[in-house]
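User: Got a minute to go through a model with me? I'll paste it in here.
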Amino acid sequence: MEELFAKPEIRKPENIVYKKTDLMVDRPLSYCPGCGHGTVHRILMEVIEEMDIQGDTIGVSPVGCSVLAYDFLDIDMLGAAHGRAPALATAIKRLWPHRFVFTYQGDGDLAAIGTAETIHACNRGENITIIFINNGIYGMTGGQMAPTTLPGMRSSTSPYGRDVLTMGYPLKMTELVAQLPGTHYVTRQSVHTPGNARKTKKAIRKAFDIQKEKKGVGWIEVVSNCNSGWKMTPVQANKWMEDNMFPFYPLGDIKVDGKLIEVAK
Amino acid sequence: MGELRLMKGNEAVAEAAIRAGCDGYFGYPITPQSEVMEYLMAEKPYDRTGMVVLQAESEVASINMIYGAAGTGKKVITSSSSPGISLMQEGISYMAGAELPAVIVNVVRGGPGLGTIQPSQADYFQAVKGGGHGDYKLIVLAPASVQEMCDHVKLGFDLAFKYRTPVMLLSDGAVGQMMEKVVLFDQIPRRTDEEVIAQCPWAATGKLKNRDHIIITSLDLDPAGQERVNLKLQAKYKKIEENEIMYEEIHCEDAEYLFVAFGLSARICQKATDLARAKGIKVGLFRPITLFPFPVQQIASTIKRVKGVLVVEMNAGQMIEDVKLSVGLNVKIEHFGRFGGIIPSPDEVVRALEQKIIGG
Ligand SMILES: Cc1ncc(C[n+]2csc(CCOP(=O)(O)OP(=O)(O)O)c2C)c(N)n1
Ligand code: SF4
Ligand SMILES: [Mg+2]
């Protein structure tokens with residue numbers, strides 16, 4: 001890496017194969033190094049740039065680590081109260097039907113305090129995109145148990161591991177909303193490798209495209225890491241995610257074109 | 001003159017919303033105000049003006065729908081009754097913080113808790129003192145008739161957009177349910193998207209090429225920044241106090257005694273004033289129409305001329321605190337209230353005046 005920077009001549013315009021999208025505001029992200037939030041921000045903005053809809057998009061950010069998403073994404077945005085982003089997005093889309101409207105929410109935001117707003121926006125078939133960052137923990141407030149925390153997983157409020165008998169089971173919101181007739185496209189992805197990030201980008205693009213068709217909710221869960229909350233290095237966190245999160249939250253499409261994908265048993 | 005109709009207060013709210021050029025109503029059913037959404041759904045405002053009506057899954061959702069829509073510059077309204085308004089408080093606080101315009105109608109019923117579906121004025125503190133968290137105020141209008149239910153919707157939108165602040169109509173189950181003649185104002189056209197964008201440059205309508213992206217939020221993590229937000233809000237509330245006070249005085253010129261009452265209680269006191277005067281008791285009525293801003297000076301100058309004041313409210317004594325704060329300690333001010341959904345009769349009010357003020 002260092003050698004790269006030592007040779008400015010190779011940064012000639014004709015040699016550039018990838019650069020940060022101009023739709024990311026040029027300021028340092030508030031996320032911990034290695035956190036998936038930043039990657040999802042970037043690919044989301046790449047999609048908006050590629051579709052040339054910067055002026056036609058209204059985003060809704062949550063309360064959680066991504067509460068400041070609106071500082072980084074160069075589009076008009078509203079910061080919702082904790083869990084209520086789908087309610088805001090519902091009204092915005094109803095009153096601005098030609099805008100692209102999305103919510104960006106963590107697992108505590110979407111699957112605990114905002115469960116009702118999430119399920120009902122999906123059930124009404126709102127023509128919005130929901131981007132759901134599932135890191136199995138409350139990152140922002142310092143690593144408490146989330147509805148998505150795995151059985152046995154430690155957090156600051158399940159210090160001996162999540163005991164499902166007293167603390168309940170992890171909630172698979174994505175499988176749940178896929179059952180609702182109001183969702184049109186439901187998928188679960190990750191961004192921990194370039195290949196996965198590309199798949200997530202395609203999924204976000206697809207979800208934005210179906211807003212044009214007015215067919216209902218496009219839903220992208222991104223299984224992500226929280227190396228700070230999990231108390232791991234970024235590399236360890238990605239490995240732990242592959243070994244533990246993916247078996248419980250398997251990646252891939254769950255519903256496409258309004259039809260549930262048959263999973264081979 | 002506008003169209004004359006016989007309507008319920010709740011229906012007048014709904015019809016006024018359509019005519020005010022409102023873009024959207026979001027609400028959840030609760031007695032005694034469900035007629036607002038029922039009227040709207042039956043009236044098909046989408047066909048009339050393009051106004052959207054949506055039944056939300058809860059009052060939490062409906063206030064946050066209002067927050068989202070208002071943040072994009074749209075003219076939106078919600079209505080509920082006491083328990084539902086309690087659920088909305090977080091959202092209302094966010095809207096005050098983010099400086100968003102909207103009209104919120106509370107058709108108050110008796111509490112606490114599930115209480116009763118009968119009329120009450122027990123939500124005065126909640127409405128006037130900022131029912132949610134943080135240092136904020138709402139502009140609070142207190143309609144006392146079906147006509148005012150209609151007119152205050154239009155006025156509420158004007159004030160909400162003038163000051164970029166949520167406005168509450170604090171009515172009650174009786175004003176919401178009773179039928180009266182109402183003169184409806186003529187249809188105001190809904191603004192086009194282009195007009196919204198031009199008139200609300202602060203709103204998140206989609207980034208324009210010639211401006212920075214817009215962020216609607218109540219968050220400022222920097223204490224100095226958050227103090228600036230608070231100072232800005234306080235300056236706005238001061239301006240509202242300077243410019244927007246509304247009140248009505250009935251028979252106050254020669255009054256020796258005074259009723260102070262808002263909303264339905266003022267209607268009852270109006271009758272009580274006539275009854276008392278027939279008995280030779282010179283009593284007048286001071287009716288605050290705006291509860292915030294409260295007519296502090298106006299009430300003080302009227303009270304100066306009388307021997308005693310009876311504050312009549314359908315609660316255990318809430319507005320009386322503001323009346324007392326408006327005047328010196330040497331004035332005789334008593335409270336008369338019925339609560340839990342009981343509406344006092346004008347006779348009862350006159351008796352209370354005689355016992356607590358004149359005889360007391
Ligand atoms: C009404 C309310 N309750 C609680 C909080 C505190 N709070 C802020 S963020 C958060 C959890 C966020 O977790 P998640 O949605 O998973 O986002 P992450 O930080 O993990 O990305 C909580 C409980 C709040 N801001 N508002
Ligand atoms: S606390 Fe977790 S979710 Fe939040 S920025 Fe850090 S790694 Fe990301
Ligand atoms: Mg989380």
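User: Which backbone atom type of D109(A) lies 2.8 Å from an oxygen atom of ligand 1?
Analyst: This is a predicted model, to say that up front. In it, a backbone N or O atom of D109(A) is what sits 2.8 Å from an oxygen atom of ligand 1.
User: And D107(A), how far is an N or O atom in its side chain from an oxygen atom of ligand 1?
Analyst: That distance is 2.4 Å. C65(A) has a polar backbone atom 2.8 Å from a ligand 1 oxygen atom.
User: Where does ligand 1 lie?
Analyst: Between chains A and B. There are 17 residues around ligand 1, and the nearest are C65(A), D107(A), D109(A), G139(A) and M140(A).
User: OK, ligand 2. Which residues are around it?
Analyst: Among them are Y31(A), C32(A), C35(A), H37(A), C65(A) and C226(A). The shell around ligand 2 splits into five nonpolar and five polar residues, with no charged ones.
User: Switching to packing: how many residues are in the largest nonpolar core?
Analyst: 149, and W219(A), I77(B) and F259(B) have the most contacts inside that core. Helix α8 of chain B, residues 146-163, gives the most to this core, with eight residues.
User: Why does that core lie between domain 1 and domain 2 of chain B?
Analyst: Because domain 1 (3-199 + 234-238) and domain 2 (247-358) of chain B both give residues to this core.
User: What is F259(B) in contact with, leaving aside neighbours within four places in sequence?
Analyst: The list includes C269(B), V283(B), F286(B), L310(B) and L353(B). Apart from this core lies another, of 36 residues, including I43(A), F72(A), I75(A) and I133(A).

Conventions
Residues are numbered from 1 along each chain as its sequence is written. Chains are lettered from A and ligands numbered from 1 in the order in which they are written. This is a predicted model: local features need pLDDT of at least 70, side-chain atom pairs count only at pLDDT 80 or more; totals for chains, interfaces and linings use all residues. Side-chain values use heavy atoms; hydrogens and water are left out. A nonpolar core is a set of buried Ala, Val, Leu, Ile, Met, Phe, Trp, Tyr and Cys residues joined through side-chain atoms within 4.5 Å. Buried means under 20% relative accessible area, exposed over 50%, partly exposed in between (1.4 Å probe, protein chains only). Helices (H or I, at least four residues) and strands (E, at least two) are DSSP runs, numbered from the N terminus. Domain bounds come from an automatic or database domain assignment. Contact means heavy atoms within 4.5 Å. A residue is near a molecule or strand if one of its heavy atoms lies within 4 Å of it. Ala, Val, Leu, Ile, Met, Phe, Trp, Tyr, Cys and Pro count as nonpolar, Asp, Glu, Lys and Arg as charged, and the others, Gly among them, as polar. A polar contact is a pair of N or O atoms within 3.5 Å; within protein, one must be able to donate a hydrogen and the other to accept it, and residues adjacent in sequence count only if both atoms are side-chain atoms.
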